[in-house]
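Me: Could you take a close look at one part of this structure for me, the place where the two chains meet? I'd like a connected walk through it, and then whatever sits behind it.

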Amino acid sequence: MTRDGPIRLLAADGAVVEDQRHSLPPAESLLAHYRTMVLGRRLNELAGALVRQGRLAVYPSSRGQEACQVVAAGALRPGDWLFPTYRDSVAAAARGVDAVEVLTLLAGDWHCGYDPLRHRVAPQATPLATQLPHAVGVAHAARLKGEDTVVMALCGDGATSEGDFHEALNFAAVLRAPVVFLVQNNKYAISVPLARQSVAPSLADKGVGYGMPGVLVDGNDAAALSVVLQEAVERAAAGAGPTLVEADTYRLEAHTNADDAARYRADAEVSEWQPRDPLIRLRAHLRAEGVLDDRADAEIAEAAEAEAERVRTALAADSPVDPAELFAHVHARPTPDVAAQAALLQAELAAQEEIR
Amino acid sequence: MAGALNTALRDAMTADDSVVVFGEDVGPLGGVFRVTDGLTATFGEQRCFDTPLAEAGIAGLAIGMAMNGLRPVVEMQFDAFAYPAFEQITSHLAKMANRTRGRVRLPVVVRVPYAGGIGGVEHHCDSSEAYYAHTPGLTVVAPSSNADAYGLLRAAIEHPDPVIFLEPKKHYFSAEQVDTTREVPPIGRAVVRRPGADATLIAYGPSVPVALGAAEMAAAEGRDLGVVDLRSIVPFDDATVLAEVRRTGRAVVVAEAPGFASVASEIAARVAEGCFHHLEAPVRRVTGFDVPYPPPKLERHYLPGAERVLDTVDELQWDHR
C-alpha cells in the first residue's frame, strides 16, 4: 500500500499531481484550510516570541506541520473528538478552542485551560502515546451509545515506539472502534531520528499488523491530507473501523525552544525541507487556480495578525492564579486531608497578608 | 466474597445502564476468580466483554469510555499484573479531574484481586496499596468481609472519582451470606469491628480477620483487644481510628504489605501525631517483611499472623500502667 510512496496531489510548487484514485478537494475547502494554516503559522511564531519574552514556559512548535494540524481538525464533524499532543496546539485552535485557553498549559496558569467536553478536544498529552487508548475508549463508548462519533488521535513518529501506541491500535482494531490515528512523522523524537525509532519500511505499514488500513500521505500537502483523512473519517463513521495514517512531514524548528537542533541535524537537511513548506505549496496552488489573489492573501494575513494580537494581549494581561485551586478539583468531595491542607495554606496566606 | 462482588456488579449494572465491565477473561469465563460470572450472558457483550490482553490498554480504554459518559468497572487479573497500567492509573486516571479543573471526572473502578495467602506463584500475591494510596486523586478501598465487599463495590461504582478496589483474594471463596438490602457503607468511613479496652489493632482488607483472630486469642488470655477495620485507605477515617486509640492508649497496625514506606507506616504516623498524649506505648506495626512476596512454601513465615500480632501486643509496655 505504501510502496509507491506517499499519496500526493500537489507538488512542492503547487502543481496538481495526477492521481488515478483521488480527486482534488473543492477549491473553497482548500482556501479555508489555507486561511487556518496561515493563522496556525502565525500562532507558532507568536508562541515562539512569547517564550523569548518569558510569557510561556516552553513551546513545542509545529512550524512545517501546519497542514497536518489544520486538516486533521478540519476533517472532523461537530460531534467528533480530537486527541492532541503537546505539539498540536494549532490543531486544538483549528478545532475551535480559543488559542489563549490552549496556551494556558504552557503559560503555567493551569494544566488544561479549556473545557474538553465542550470542545470535544482532549487535554494535550505530554507523556507520549498515553492519549491513544483514551481515544479508543471515547470511540468505543460512542459506539456502545449508538452515536456516530469519530475520534482523531494524533501522535508523532517517536510515539509509535511506545507500548500504548501498540495497545491502542490493537484495541481499536479488535473493537472496530471509529478512530483515525494520524502519525505526524516529522522525522525526529527530540533528537533521535526516525531510523533509530523504527526500521519498518514505513510507519503506515504497521497497520497491517493490526489488521487496519495503513495510509502514507504527504503531510505537507493539505489537499492529499484532506482527501485521505476525510476518507478515514467516513470509513470510521460507517462502522468499518480504524485507519492508521502516516503523514510524511518535517519539524522545521527544534523540539522546543529549550532544544538545540544543531547538535543532531545538519542545516542542509532543514534547508532541503524549506521549499516543501505546506503553506508555500498551498498558496502557490490556490494562486495558480485563481482562488487566491493579492488582496485575499493580504486579508487572510491581516486576520491572522489580528488574532495573534488578541492572543498576545490576553497572555500579556496579568492572570492571577488562585492558590485554593490547588485543592479544588482533585476529588469531587475533598478528602479530610486535602480539606485540612487547603485550610492550612489559606491560614498561611492570611498570616502573610497581615504582616504586609 | 466472589459471590458478593458478583451480586454487586449485577445490581449496579441493573440499576445503571452506563455501568460496563471489561478486562481479561471477564466475559464467558466469568473471570479467573468468577467475580464476573454470568454477566455477559445476562447483560450482553456490550456491557461485559473481554479485551485484548494488555493492562495499560484496559485502563486507558476505561479512561476514554468514562470521558464519554460511561462508568467502567475493569478487572486487573492479579495485583502484580496491574503494573503495566500504572502510568495510565497514576498519570491519567488519577489526574484528569485536576488537570481539567473538574470538568472531566472519571468514575472508573479498577478492581484488583490482591494480597496473598492462596499459595500463588510469584507475581500473584502483591499488596500494592501503597502505590495507589500515595497517588493524589485516587480513592483506595479494601473490604474485609463479604458484606463490605458488596456494599463498598456498589459505593465505588457510584463514586464520582476513580476508585482502586482491592479485593483480598484469599477471601474470594468465603461463603458468608450478604444482606444486600442493608445500607451501603459510605466510602471513607472505618468501622470498629470489635471494641476493646486494652489496645487497638488497626487493619484493612485481608489483615482484618487476622486481627480479629488475634483479639479472640488475647481474650482467652484475659486481654481485651479492639479491632478497627479501615475499609477505605483513601480517604482515611482519622476520627474513628484516633477515638479508639485514645480510649485504649495502645495501638498495633497490622498489614500484609512490606512495612517500609507503607500504608501501615502512614497509619502509625497519624496515630502518633493524633494520640500522643494518650499513648502508653509507641505505636507498633506488624507487616510483611521488606522482601519480595515469597514462594508458596514460605508464605506462612512471611504473612503477619495472630501469633506475631500478639507477640507485638505483649511488647506494648504493659508494666507502665
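Reply: Here is a walk from the contact between the chains into the cores and then to a few loops.

A word on the ground rules: this is a predicted model, in which local features need pLDDT of at least 70, side-chain atom pairs count only at pLDDT 80 or more, and totals for chains, interfaces and linings use all residues. Residues are numbered from 1 along each chain as its sequence is written, chains are lettered from A and ligands numbered from 1 in the order in which they are written, and side-chain values use heavy atoms, with hydrogens and water left out.

Let's start with who touches whom. Chain B puts 44 residues in contact with 45 residues of chain A, contact being heavy atoms within 4.5 Å. Interface size is often quoted as the accessible area lost when the parts come together. Here the two chains bury about 3,500 Å² between them, 60% of it on carbon and sulfur atoms; buried area is the accessible area (1.4 Å probe) that two parts lose on being put together, summed over both. On the chain B side, B:Asn68, B:Arg99 and B:Arg101 lose the most area to chain A, together 21% of what that side buries.

B:Arg101 is worth a second look, since its side chain also meets that of A:Glu325 in a salt bridge (2.7 Å, N to O). The count between the chains is 2 salt bridges, each a side-chain nitrogen of Lys or Arg within 4 Å of a carboxyl oxygen of Asp or Glu. There are also 19 residue pairs in polar contact, both partners at pLDDT 80 or more. A polar contact is a pair of N or O atoms within 3.5 Å; within protein, one must be able to donate a hydrogen and the other to accept it, and residues adjacent in sequence count only if both atoms are side-chain atoms.

Which elements of chain B give two or more residues to this side? They are helix H3 (55-67), helix H4 (86-93) and helix H5 (96-99), and H3(B) gives the most, with 10 residues. Helices (H or I, at least four residues) and strands (E, at least two) are DSSP runs, numbered from the N terminus.

H3(B) turns up again behind the interface. It gives the most to the largest nonpolar core, with 8 residues. Of the 85 residues in that core, A:Val136, A:Phe181, B:Met67 and B:Val271 touch the most other members. A nonpolar core is a set of buried Ala, Val, Leu, Ile, Met, Phe, Trp, Tyr and Cys residues joined through side-chain atoms within 4.5 Å, where buried means under 20% relative accessible area, exposed over 50%, and partly exposed in between (1.4 Å probe, protein chains only). The neighbours of B:Val271 include B:Ile202, B:Val241, B:Leu242 and B:Phe276.

Now the loops. A cis peptide bond joins B:Val234 and B:Pro235, with omega about -5 degrees, and B:Pro235 is in the loop between strand E10 (232-234) and helix H9 (238-248) of chain B. B:Ala115 has a positive phi of about 70 degrees although it is not a glycine. B:Ala115 sits between strand E4 (109-114) and helix H6 (129-133) of chain B, and is buried at 0% relative accessibility. In chain A, A:Ala129 has a phi near 70 degrees and is buried, with a relative accessible area of 1%.

Notes
Lists of a residue's contacts leave out its neighbours within four places in sequence.
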